[in-house]
Every structure is written in C-alpha cells, then in structure tokens.
Amino acid sequence: MEEEIKTLSKAKWQWMADKNEDSLSNLFHEKAKFVHMGGTWGTERELQVIKSGGIWYKKADVHNVSVEIFGNTAIVWNEITLLAVVGNNEVSNRFMVTEVYQKNGSDWKLTNLTFSKLM
C-alpha cells in the first residue's frame with residue numbers, strides 16, 4: 001500500500017505541473033483543504049488556481065518521502081524543492097508537504113495538502 005501511495009503522490013506532482021485538471025479533480029476529495037503560504041481553501045478554488053495559472057506548480061523535486069498507513073487513511077510527508085510561478089514571478093522554495101489520503105472504495109482521495117516552508 002505504501003508504494004501505491006508513493007506512486008499516486010508522485011503522479012499528483014506531475015498532474016499539478018501539467019495543469020491536468022481532470023486527473024486532479026478525480027484525485028481531490030470534494031471537501032479537501034489546501035494550505036498554502038498565502039491562505040487555505042477548498043478543492044474548487046485549488047482547481048481554479050491550477051487551471052488559471054495563479055499558481056503553476058512547475059516542478060517539484062522530491063528529496064524524501066515518508067508514508068504511514070492508518071487503516072483507510074494514508075499520510076505522506078514529502079520534503080521538496082518547488083519551482084513555481086506565482087503571478088508573474090518564478091520562485092523556488094523548500095517545503096515539507098503533508099498529504100492526507102483516504103481510501104474510498106478502491107480509490108484513494110486526497111483530503112488535505114499542506115505546505116510548510118522549510119528554513
């Protein structure tokens with residue numbers, strides 16, 4: 001199960017870079033929360049931000065991944081360097097990203113994505 005979650009998390013970063021709204025909308029739980037340096041919002045707004053390019057998750061270099069499974073819940077911690085375009089500015093930041101997934105039937109749904117900036 002850990003490998004399945006790691007593969008899904010890795011795919012998510014690529015879908016975000018590609019602005020693949022269809023794959024992301026299938027992955028994101030309808031009530032998911034997204035915590036960024038600039039605020040917290042739900043699935044609909046996150047998809048709008050990605051589609052519009054408000055934040056373009058251009059490239060996530062993943063340095064370390066750790067997964068814990070608790071029944072039908074999986075928590076993923078990714079230490080990443082994120083190259084993003086925010087507005088018209090290209091920025092690079094190191095983050096610890098926490099992802100929470102819940103098994104829904106045979107599918108995993110992302111319920112939370114939190115970025116914590118590393119110093």
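## Strand pairing, a pocket and three residues in a predicted model

In this structure, which is a predicted model, His36 stands opposite Gly39 in strand 2. That pairing belongs to an antiparallel arrangement in which strand 1, covering residues 28–36, is joined by four bridges to strand 2, covering residues 39–42. The connection between strand 1 and strand 2 is a hairpin that passes through two residues.

Strand 1 also pairs with strand 6, and here the two run in the parallel sense, again with four bridges between them. Lys33 illustrates both pairings, for this residue stands opposite Gly42 in strand 2 and also opposite Asn112 in strand 6. As background to such pairings, side chains in a regular strand alternate between the two faces of the sheet.

### The largest pocket

The largest pocket holds about 230 Å³ of space. Its lining is made of 14 residues, and those closest to the centre of the pocket are His36, Met37, Ile55, Val86 and Phe95. Three elements each give two or more residues to this lining, namely strand 3 (55–70), strand 4 (73–86) and strand 5 (89–104). Which of the elements gives the largest share of the lining? The answer is strand 5, with four residues. By type, the lining residues of the largest pocket divide into ten that are nonpolar and four that are polar, with no charged residue among them.

### Three residues in their surroundings

The table sets out how accessible three residues are, and the paragraphs after it describe where each of them sits.

| Residue | Relative accessible area | Class |
|---|---|---|
| Asn93 | 15% | buried |
| Thr114 | 19% | buried |
| Lys19 | 35% | partly exposed |

Asn93 lies in strand 5, the strand that also supplies four residues to the lining of the largest pocket. Why does Asn93 count as buried? Its relative accessible area is 15%, and buried means under 20%, so Asn93 falls within that class. Leaving out residues up to four places away in sequence, Asn93 touches Met37, Ile80, Thr81, Leu82 and Lys117. Among these, Thr81 is twelve residues from Asn93 in sequence, while the C-alpha atoms of the two are 5.6 Å apart in space. With Lys117 the side chain of Asn93 makes a polar contact of 3.2 Å. Met37, which Asn93 touches, is also one of the residues closest to the centre of the largest pocket.

Thr114 is found in strand 6, which covers residues 107–117. Because buried means under 20% relative accessible area, Thr114, at 19%, belongs to the buried class. The side chain of Thr114 is joined to that of Asn112 by a polar contact of 2.8 Å, and Asn112 is the residue of strand 6 that stands opposite Lys33. When neighbours within four places in sequence are set aside, Thr114 is in contact with Val35, Met96, Val97 and Thr98.

Lys19 sits in the loop between helix 1 (2–17) and helix 2 (21–27). Although Lys19 is not a glycine, its phi is positive, at about 55 degrees. Lys19 counts as partly exposed because its relative accessibility of 35% lies between the limits of 20% and 50%.

How values were computed. Residues are numbered from 1 along each chain as its sequence is written. This is a predicted model: local features need pLDDT of at least 70, side-chain atom pairs count only at pLDDT 80 or more; totals for chains, interfaces and linings use all residues. Side-chain values use heavy atoms; hydrogens and water are left out. On a 1 Å grid over the protein atoms alone, a cavity is a set of points where a 1.4 Å probe fits but cannot get out, and a pocket is an open set with protein on both sides within 12 Å along at least five of seven lines; lining residues have an atom within 4 Å of a point. Grid points are joined across faces, edges and corners, and a volume is the space filled by probe spheres set on the points. Ala, Val, Leu, Ile, Met, Phe, Trp, Tyr, Cys and Pro count as nonpolar, Asp, Glu, Lys and Arg as charged, and the others, Gly among them, as polar. Two strands pair if DSSP finds at least two bridges between them. Buried means under 20% relative accessible area, exposed over 50%, partly exposed in between (1.4 Å probe, protein chains only). A polar contact is a pair of N or O atoms within 3.5 Å; within protein, one must be able to donate a hydrogen and the other to accept it, and residues adjacent in sequence count only if both atoms are side-chain atoms. Contact means heavy atoms within 4.5 Å.
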